[in-house]
Amino acid sequence: MNLYPKLYLNNVTEITVQMLNQYQIKGIILDVDNTLIDYDKLLIEGLEKWIDKIKKEKMKLCIVSNSNDKNKVETIAKKLDIPYFYLAMKPLKGGFKKAQELLQLESKNIAVVGDQILTDVWGANRCNMFSILVKPINEKDIFITKIKRPLENKIIEKIEKQQRKRRK
Ligand SMILES: [Mg+2]
């Protein structure tokens with residue numbers, strides 16, 4: 001059970017083209033809740049600009065969300081002009097595999113971006129995709145994470161420690 005992301009970032013817009021090239025990423029699977037939108041269903045700052053930049057580099061994009069709210073996921077997907085799957089049941093492989101089929105890429109060339117270790121990161125790692133963990137957008141959720149997800153907390157603490165070491 002590999003729960004460790006390959007990268008841990010503040011948010012999705014920190015992902016640079018250079019980074020993607022470095023890891024030979026040609027497609028990105030995106031989570032929605034707390035990754036692209038906040039609690040009030042608003043797109044995070046700078047997201048549309050980032051999507052435009054990424055698309056210009058011929059990066060293929062697909063949304064894979066566990067949400068059962070089709071309307072919400074579809075609205076975001078249409079706004080960003082990205083194909084989507086909802087009710088994906090991550091960390092099960094099904095949703096990732098559907099996205100992979102659509103992207104027509106090898107799993108090693110696909111990055112998965114999400115804010116949850118037990119769904120996004122674990123699922124990506126199970127599919128041999130490149131896992132990128134981002135901090136959940138909403139502070140409310142960070143609070144919930146702190147009390148409700150002790151396992152995820154321990155992992156994040158470990159990752160942060162490693163990152164501090166690397167910077168020294
Ligand atoms: Mg999420």
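**Note on strands 5 and 6 and their surroundings**

1. V112 stands opposite S131 in strand 6. The model is a predicted one, and this pair is a convenient place to start reading it. V112 also touches I29, D120, A124, M129, F130, S131 and I132, leaving aside residues up to four places away in sequence. One register further, A111 stands opposite F130 in strand 6. Strand 5 (residues 110–114) and strand 6 (residues 130–134) are joined in the parallel sense, over four bridges. Between them the chain passes through helix 5 (residues 117–126), and this β-α-β crossover is right-handed.

2. The other neighbour of strand 5 is strand 2. Strand 2 and strand 5 pair in the parallel sense, again over four bridges. L30 has V113 as its bridge partner in strand 5.

3. Is strand 5 mostly covered or mostly open? It is mostly covered, with five of its five residues buried. I110, V112 and G114 point one way, A111 and V113 point the other way, and each of these residues is buried. In a regular strand, side chains alternate between the two faces of the sheet. For strand 5, burial therefore applies to the residues on both sides, since the two sets that point opposite ways are all buried.

4. Strand 6 can be read in the same manner. Five of the five residues of strand 6 are buried, so the strand is largely enclosed by the rest of the structure. F130, I132 and V134 point one way and S131 and L133 the other. On its other side from the residues discussed above, the pairing to check is with strand 1. Strand 1 and strand 6 pair in the parallel sense over three bridges. Within that pairing, Y8 has L133 as its bridge partner in strand 6, and L9 has V134.

5. The pairings above belong to one sheet. It is an open sheet of six strands in the order 1-6-5-2-3-4, with parallel pairing. Its edges are strand 1 (7–9) and strand 4 (84–85), each of which pairs on one side only. Strands 5 and 6 stand next to each other inside this order.

6. For the chain as a whole, the secondary structure comes to seven helices and six strands. Read from the N terminus, the elements run β-α-β-α-β-α-β-α-β-α-β-α-α. Strand and helix thus alternate along the chain until the end, where two helices follow one another.

7. The largest nonpolar core has 36 residues. Those with the most contacts inside this core are I29, I63, A111, V112, V113, M129 and I132. The elements giving two or more residues to the core are strand 2 (27–30), helix 2 (47–56), strand 3, helix 3, helix 4, strand 5, helix 5 and strand 6.

8. Helix 3 (residues 70–80) gives a clear case of a two-sided helix. V73, I76 and A77 are buried. They cover an arc of only 100° around the axis, which puts them on the same side of helix 3. An α-helix has 3.6 residues a turn, so residues three or four places apart point the same way. The buried residues of helix 3 pack against strand 3 (60–64) and strand 4. On the other side of the helix, N71 and K78 are exposed. Just after helix 3 comes D81, with a positive phi near 55°; a reviewer may wish to look at that residue.

9. Which loop holds E106? E106 lies in the loop between helix 4 (94–103) and strand 5. It is partly exposed, with 13 other C-beta atoms within 10 Å. The class follows from the cut-offs: a residue is exposed at 12 or fewer such atoms and buried at 20 or more, so a count of 13 falls in between. E106 and G27 are 79 residues apart in sequence, yet their C-alpha atoms are 9.3 Å apart in space.

10. Overall dimensions are as follows. A compact globule of 168 residues would have a radius of gyration near 15 Å, and the protein chain, at 15 Å, agrees with that. Taken along the principal axes, the C-alpha atoms fill a box of roughly 35 × 35 × 30 Å. Of the 168 residues, 36% count as buried. Among contacts between residues at least 6 apart in sequence, 62% join residues at least 24 apart.

Conventions:
Residues are numbered from 1 along each chain as its sequence is written. This is a predicted model: local features need pLDDT of at least 70, side-chain atom pairs count only at pLDDT 80 or more; totals for chains, interfaces and linings use all residues. Two strands pair if DSSP finds at least two bridges between them. The radius of gyration is taken over C-alpha atoms; the globule rule is 2.2 Å times the number of residues to the power 0.38. Two residues are in contact if their C-beta atoms, placed from the backbone, lie within 7 Å. The arc is that of the directions from the helix axis to the C-beta atoms. A crossover is right-handed if, with the strands pointing away from the viewer, the path from the first strand over the helix to the second runs clockwise. A nonpolar core is a set of buried Ala, Val, Leu, Ile, Met, Phe, Trp, Tyr and Cys residues joined through C-beta atoms within 7 Å.
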